[in-house]
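Colleague: Hi! Could you walk me through this structure before I head back to the bench?

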Amino acid sequence: MSGNGMGVAATTELFTRGQEQIGRVIAGQQEAVAQALLTMLCGGHALIEGVPGVAKTLAVKMLARFLALDFRRVQGTPDMMPADILGTNVFSPKTGDFGFHKGPVFTQFLLTDEINRMPPRTQAALLESMEERQVTADGERHQLDEYFTVFATQNPVEFEGTYPLPEAQLDRFLLKIKVEYPELADERTVLERHHAAHTGTGLSDIAIEPIPFELLAAARREIRSVQVEGAIFDYLLALVRRTREWPSLALGASPRASASLLLVAKAFAAREGRDFVIPDDVKEAAIPVLRHRLTLRPEAELEGFDTDRVVRDVLAATQVPK
């Protein structure tokens, strides 16, 4: 391995400042916040899973404020139509013409709360925008911002009235971020901060110092330029291909998953101050990148397996390059 770590200064600074600034509002959840920032730096989108009340929405809102990017939020409901998110052509009596009225998707940070409550047609429309970063209305294309990033939340315990995302659509998300309950000390800090807040809006009023836009652009360039040696390609492919023949899985990881795993491993390397990937970066990236792209066999689910456990087993069974 070669590299001196000097090529990822912007990325290192961005992660350090992000943890510091967002940590002023969000107690704990450092890894979830880091993965959300990493998603944005990689130019991907993330699915965020956690029970209600663990600050999923607040974390994304604070991240957008830290990055000085536009933020909009949409609440998923069973009666939501594609036009409610994308926008629609509206007739103007003044001009006598139809004009396109942009929906909330025309932003830089879009938080879609409870995406699994949207009907499949609306889910598909949103995911098309995520993939192509454009909206087509009546044959006319409307470009989305280059920093357009979707964070979609879902509740892991409530399934009544939901429309689970099919495997092909789950594969479009770069990461699946799990937000757990905070540790005792962190939860106490949350209470103390709420108690100290002087307004009804509470924690969202705490000041955050945004970064200069140039730092964000530089960090994105750095991640793309992180070096990868041949042995890392072989190791990564061995991991992904092994999932396709793993006995407890009905569906393994796709070639898109391989590309996502490579990109996220490069981002983990840059986060650690390195301009080259090592096997540990691939290992660290594997669970958030693969957990939502694998489908368990019914008998494995009955035995209490989950995809995180399967990824750990696959990692343990795959030889690490020297």
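Modeller: Happy to. One term to begin with: a residue counts as buried when its relative accessible area is under 20%, and as exposed when that value is over 50%. Please also keep in mind that this is a predicted model.

Colleague: Got it. So is Gln35 buried or exposed?

Modeller: Gln35 has a relative accessible area of 10%, which is under the 20% limit, so Gln35 is buried.

Colleague: Where does Gln35 sit, and what does it touch?

Modeller: Gln35 is part of helix H2. Leaving aside residues up to four places away in sequence, Gln35 is in contact with Leu175, Lys176, Ile177 and Pro288.

Colleague: And what about Lys322, buried or exposed?

Modeller: Lys322 is exposed, with a relative accessible area of 98%. You'll find Lys322 in the segment that follows H13. From Lys322 to Ile22 the distance is 38 Å, C-alpha to C-alpha, and the two are 300 residues apart in sequence.

Colleague: Let me zoom out. What share of the chain is buried?

Modeller: Of its 322 residues, 51% count as buried.

Colleague: How does the radius of gyration compare with that of a compact globule?

Modeller: The chain has a radius of gyration of 21 Å, and a compact globule with 322 residues would come out near 20 Å, so the two agree. If you want a box for the C-alpha atoms, it is roughly 70 × 45 × 40 Å along the principal axes.

Colleague: How many helices and strands are there?

Modeller: The chain has 13 helices and eleven strands. As for contacts between residues at least 6 apart in sequence, 79% of them join residues at least 24 apart.

Colleague: Which domains does the chain have?

Modeller: The domain assignment gives domain 1 (8-216) and domain 2 (226-317). Their C-alpha centres are 24 Å apart. In the contact between them, 20 residues come from domain 1 and 22 residues from domain 2.

Colleague: Now the part I was waiting for, pockets. How much space is in the largest one?

Modeller: The largest pocket holds about 800 Å³ of space. It is lined by 30 residues, and the closest to its centre are Gln154, Leu170, Lys176, Arg291 and Leu294.

Colleague: Where is that pocket relative to the domains?

Modeller: It lies between domain 1 and domain 2, because both give residues to its lining.

Colleague: Which helices and strands supply at least two residues of that lining?

Modeller: Those are strand S1 (46-49), helix H6 (167-170), strand S9 (175-178), strand S11 (295-296) and helix H13 (307-317).

Colleague: And how does the lining divide by residue class?

Modeller: The lining of the largest pocket has eleven nonpolar, nine polar and ten charged residues.

Colleague: What about enclosed spaces, how many cavities are there of 30 Å³ or more?

Modeller: There are two. The largest cavity has a volume of about 130 Å³, and the second largest has about 30 Å³.

Colleague: Which residues lie nearest the centre of the largest cavity?

Modeller: Ala32, Val33, Lys56, Ala59 and Val179, out of 15 lining residues. Helix H2 (30-41) and H3 each supply at least two residues of that lining, and H3 gives the largest share, with four residues. By class, you get 13 nonpolar residues, one polar and one charged.

Colleague: And which residues line the second largest cavity?

Modeller: Leu239, Thr243, Ala286, Leu290, Val311 and Val314. Five of the lining residues are nonpolar, one is polar and none is charged. Helix H9 (230-243), helix H11 (279-290) and H13 each supply at least two of them.

Colleague: Last topic, backbone angles. What is phi at Ala68 and at Arg133?

Modeller: Ala68 has a positive phi of about 55° although it is not a glycine. Arg133, another residue that is not a glycine, has a positive phi near 50°.

Colleague: Where in the chain are Ala68 and Arg133 found?

Modeller: Ala68 lies in the loop between helix H3 (56-66) and strand S2 (71-75). Arg133 is in the loop between helix H5 (120-132) and strand S6 (134-137).

Colleague: And is Arg133 buried or exposed?

Modeller: Arg133 counts as buried, because its relative accessibility is 18% and the limit is under 20%.

Definitions and conventions
Residues are numbered from 1 along each chain as its sequence is written. This is a predicted model: local features need pLDDT of at least 70, side-chain atom pairs count only at pLDDT 80 or more; totals for chains, interfaces and linings use all residues. Side-chain values use heavy atoms; hydrogens and water are left out. On a 1 Å grid over the protein atoms alone, a cavity is a set of points where a 1.4 Å probe fits but cannot get out, and a pocket is an open set with protein on both sides within 12 Å along at least five of seven lines; lining residues have an atom within 4 Å of a point. Grid points are joined across faces, edges and corners, and a volume is the space filled by probe spheres set on the points. Ala, Val, Leu, Ile, Met, Phe, Trp, Tyr, Cys and Pro count as nonpolar, Asp, Glu, Lys and Arg as charged, and the others, Gly among them, as polar. Domain bounds come from an automatic or database domain assignment. Buried means under 20% relative accessible area, exposed over 50%, partly exposed in between (1.4 Å probe, protein chains only). The radius of gyration is taken over C-alpha atoms; the globule rule is 2.2 Å times the number of residues to the power 0.38. Contact means heavy atoms within 4.5 Å.
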